[in-house]
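Biologist: Could you take a close look at one part of this model for me, a place where two helices pack? I'd like the geometry and then the residues that do the touching.

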Amino acid sequence: MTEAVDITALGVPVRLEPVGPYADEVRAALARAWSRCVGLPLLPWAAVRDPLVIRAELLDEGADERDDTVHARLTRSGESALAGEVSHVGRHRLDSLLTAVTHEVTVRAIDANRGCLLMFHAAVLADGAGRAIAFIARSGTGKTTLTAELGQQWHYLSDETAAFMDDGTVVPYPKPLSMSRPAVGLKLETPADDLGLLGVAPARLVGLVLLDRRASGPARLVDVPAPQALVALAAESSGLVDLPGPLRRLAALWAALPVTGRLEYAEARDAVRLVRDVASLAT
Amino acid sequence: MQIRRRPVVDEVTIDGETVVLVGESALALSAPASAALGLLTGEWVDVTAWFAEVEQLLGPAPEGAGARDGLVAALVAADLVEERP
């Protein structure tokens, strides 16, 4: 039996179990993709529970009753979920499986933290002084590109889901980065190591920034009135309604953080320069 | 017609503008709408009496009943208020 890959996702223990005829190949890919999430500390409420188990399997063509359209399968807790109905062959089917694993891990880790953590669809990175900024945006609007750029100098904590304890401590989730590759029509799960991103470090939230990528123009951080900010933050949150006093909590956070606003930018490099300057002023 | 407030998940008022969380969506209300909503509770009230209070607070509405009906319709559409004949 192929050894599982045990990771920590948003402070929650997750066991990735490669199974099937290509288990060794799947394990190698999972271990590489998720290496940054191995050995991270568990949250107190998650430390006492059994790990979430996700079985990942590549199938031979025709090994499933749905025949030649199904090449990868995820299984969890007795349920069966298709990872992707893709007609690609060769390496693409492993890519589809990895993408499905990332989605599954993220969704289940978020669910496990409902009512406990403040969570946003956001990239989060921290400078050398442990000052973290969350960059909030919908999928496909520049979080990962900005992460890949800023992560050369700042510690990479997540490219998609930012989670915080009440005192602002960042709960890291340095998952593989989901990078679009239009040439193959897929998102590829790219290990943080491949991009040279700095590793996890303890960090505390100092900024919430709404990303607004534009076609052109300089990078600038624009003030956002709190009511409008709350609407935007709520729209990009996960499990907000499960927290006590969620809007009041968001409002207090927005008011207390030294770095808030909407980051308008066209080039990630310009945004990075601005972010570094702004963060250096935060105390 | 009578109206009353519907429960929301949470709400916060900042500089006179109220933000409400309805289901999983947040909605920012203008200052006048915030004030008008603030006059409502979970108890049914006559809409004419309520709107008189609103006008007392914010000044007379130029469109009169049209403004009242528009405001009620907007609050109902946002799931913040319910109405009954």
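Modeller: Sure. The crossing of α5(A) and α6(A) is a right-handed one. Keep in mind that this is a predicted model. Helix α5 of chain A covers residues 226–235 and helix α6 of chain A covers residues 246–256; their axes come within 10 Å and cross at roughly 120 degrees. Anything from 65 to 115 degrees would count as roughly perpendicular and anything over 145 as roughly antiparallel, so α5(A) ends up oblique to α6(A).

Now for who touches whom. On the α5(A) side, the contact is made by Ala226(A), Ala229(A), Leu230(A), Leu233(A) and Ala234(A). Facing them from α6(A) are Leu247(A), Leu250(A), Ala251(A), Trp254(A) and Ala255(A). By class, the contact of α5(A) with α6(A) has 10 nonpolar residues, with no polar and no charged ones.

Zooming out a bit, the domain assignment splits chain A into domain 1 (5–112) and domain 2 (118–281). Where these two domains of chain A meet, domain 1 puts in 19 residues and domain 2 puts in 23. On the domain 1 side, the elements giving two or more residues are α1 (23–33) and α3 (91–112) of chain A. Of the elements there, α3(A) gives the most, with 8 residues. As for chemistry, that side of domain 1 of chain A, the one touching domain 2, has 9 nonpolar, 7 polar and 3 charged residues.

Note on methods. Residues numbered from 1 in each chain as written. Chains lettered and ligands numbered in written order. Predicted model: local features only at pLDDT ≥ 70, side-chain atom pairs only at ≥ 80, totals over all residues. Domains from an automatic or database assignment. Contact = placed C-beta atoms within 7 Å. Helix = DSSP H or I, 4+ residues; strand = E, 2+ residues; numbered from the N terminus. Nonpolar A, V, L, I, M, F, W, Y, C, P; charged D, E, K, R; others polar. Axes fitted to C-alpha atoms, helices over the stretch in contact; angles between N-to-C directions. Parallel < 35°, antiparallel > 145°, perpendicular 65-115°, else oblique. Left-handed = near helix turned anticlockwise from the far one by under 90°.
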